[in-house]
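Please open the model in your viewer and keep the sequence panel beside it. The tour below moves from one selection to the next and says what is to be found at each stop.

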Amino acid sequence: MEISKLVFSLTLLTSVCAFSPSTSSSDTLSQRYSTKVEVIVDDTNKVVESEKWRSNKLEDIRLSVEEKAKTVVTVCNSGTLCTKSNHDGIEGAPFGSFVDYVLDDDGNPVLLMNDMSMHTININSDADGLVTLFAQLSGKKTGDGLNKGQDVSRCSITGKVEKIDLATAEDIDILRMRYSIAHAYADQVMDSPRFAFYRMKPEKVYFVGGFGVLAKWVTVDQYKHAAPDILAMEAGDIVSKLNREHMDDLQLTATHLLGCTKIEKIRVTNFDRLGFDVRVTTRGKRKNKLITDEFRIGFRIPVISVEDAKSEVLKVFQEAWERANGYDWGEEGNTGDDIPIVKIAADSLD
């Protein structure tokens, strides 16, 4: 009997209207979600053996810095625009204004500005000058550990702002539609001669993950091609629900999948399309010694909706329960062994 080997890639493509990803962003998703499968068939094309490789590398189960930066700027459709003041007595001083914006297909912020606004006057008086747009995810003040204050992700984009020529801009109709959807007042003012659309061309992008955590400059090309997280709008509610309603499941997960003992506290700290972060505080060997570790639990299949995310989380909880109760389905390895898990941080607190 002749045996042949077939190697192919299963790739799931996603398209999410809410984020309107560019072609380059979709390509990033395709690369991220490619899974290599080796299938061995006989001369009757019957599968006699198959093997699938799953990666436990952190970069494969966690958003990249570029994707996190793009997510912040995509989810936040308003922020602080810092221009150089042209006002008497404070010439050249930084001047901050609250502004609304949308993104074009390349991730460039587009603003609808009144020609009488101070930031518009500052920009028009210094056409070759740089401005900075600062956007920050909002934190909800709840008791279940959601981030708030400085402990939230934010992104600063620095570049030049140019007025959009309505006669030559090919994407102006798309921008008008996006602005109308994102900002209810836009329909009332966008046709006024006092208002105009301006496009910001990024030259530098800086991302901060939160208080005391990762901060990094992101190249404009990396930012442009990164895909925003499709669960970003719902992530806060998912984290809140897990910490509020699934504490028993989290305890089983920490004990039987993460290998933690003497658990004092556990909570989910982050959630995205590739998995979720769990922070576990345990008692140390010495009295009053606490040890805090953070783990990344990755999803084994691509998540493209909230329902997919719920399904994957429940699978993790189910396998933790099965291991806790000694269930063995006769498969190679133990239940839950194929769940991608990586310890991403360790800390000791006295």
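With which residue does R62 form a salt bridge? Select R62 and D277: the two form a salt bridge in which the closest N and O atoms are 3.0 Å apart, a salt bridge being a side-chain nitrogen of Lys or Arg within 4 Å of a carboxyl oxygen of Asp or Glu. R62 lies in the loop between α2 (58–61) and α3 (65–75), whereas D277 is in strand β13 (residues 275–283), so the pair ties together parts that are 215 residues apart in sequence.

Before going further, note that this is a predicted model, in which local features need pLDDT of at least 70 and side-chain atom pairs count only at pLDDT 80 or more, while totals for chains, interfaces and linings use all residues. Residues are numbered from 1 along each chain as its sequence is written, and side-chain values use heavy atoms, with hydrogens and water left out.

**The whole chain**

Colour the chain by secondary structure, and 10 helices and 15 strands appear; helices (H or I, at least four residues) and strands (E, at least two) are DSSP runs, numbered from the N terminus. Of the 350 residues in the protein chain, 43% are buried, where buried means under 20% relative accessible area, exposed over 50%, and partly exposed in between (1.4 Å probe, protein chains only). Among the contacts with a separation of 6 or more, 64% come from residues 24 or more positions apart, a contact meaning heavy atoms within 4.5 Å.

**Salt bridges**

Return to the first pair and switch on a surface: R62 is partly exposed, with a relative accessible area of 22%, while D277 counts as buried at 2% relative accessibility. Now add R296, which forms a salt bridge with D277, the closest N and O atoms again being 3.0 Å apart. This pair links D277 in strand β13 with R296 in strand β14 (residues 290–298), 19 residues apart. Both D277 and R296 are buried. Adding D272 to the selection completes a network, in which R62, D272, D277 and R296 are joined by salt bridges that share partners.

A search of the whole structure finds 21 salt bridges, and another one to select is that of D126 with K84, whose closest N and O atoms are 3.2 Å apart. D126 lies in the loop between α4 (118–125) and β8 (131–136) and K84 in strand β4 (residues 78–84), so this pair ties together parts that are 42 residues apart in sequence. D126 counts as partly exposed at 24% relative accessibility, and K84 is also partly exposed, at 43%.

**Strand β13 again**

Which residues does T281 touch? Select T281, which lies in strand β13 and counts as buried at 14% relative accessibility. Leaving aside residues up to four places away in sequence, T281 touches K262, I263, E264, K265, L290, I291 and T292.

**Helices α9 and α10**

Show helix α9 (residues 247–256) together with helix α10 (residues 306–324): they pack at an angle of about 65°, with their axes 9 Å apart. Here axes are lines fitted to C-alpha atoms, for helices over the stretch in contact, and angles run from 0 to 180 degrees between N-to-C directions. On the α9 side, D249, L250, L252, T253 and H256 meet V316, F317, A320, W321, R323 and A324 of α10.

Within α9, L250, T253 and A254 are buried. Seen down the helix axis, the buried residues of α9 fall within an arc of 95°, so they line one face of the helix; the arc is that of the directions from the helix axis to the C-beta atoms. These buried residues pack against α8 (232–245), β12 (263–272), β13, β14 and α10.

Move along to V306 in helix α10, which counts as partly exposed at 24% relative accessibility. V306 touches L231, E234 and I238, not counting residues up to four places away in sequence.

**Helix α5**

Finally, which residues of helix α5 (residues 172–182) are buried? They are I172, L175, R178 and Y179. These residues cover an arc of only 125° around the axis, which puts them on the same side of α5. Rotate to the other side of α5, and D173 and I181 are exposed there. To see what covers the buried residues, show elements including β5 (94–100), β6 (102–103), β7 (109–114), α6 (186–189) and β10 (195–208).
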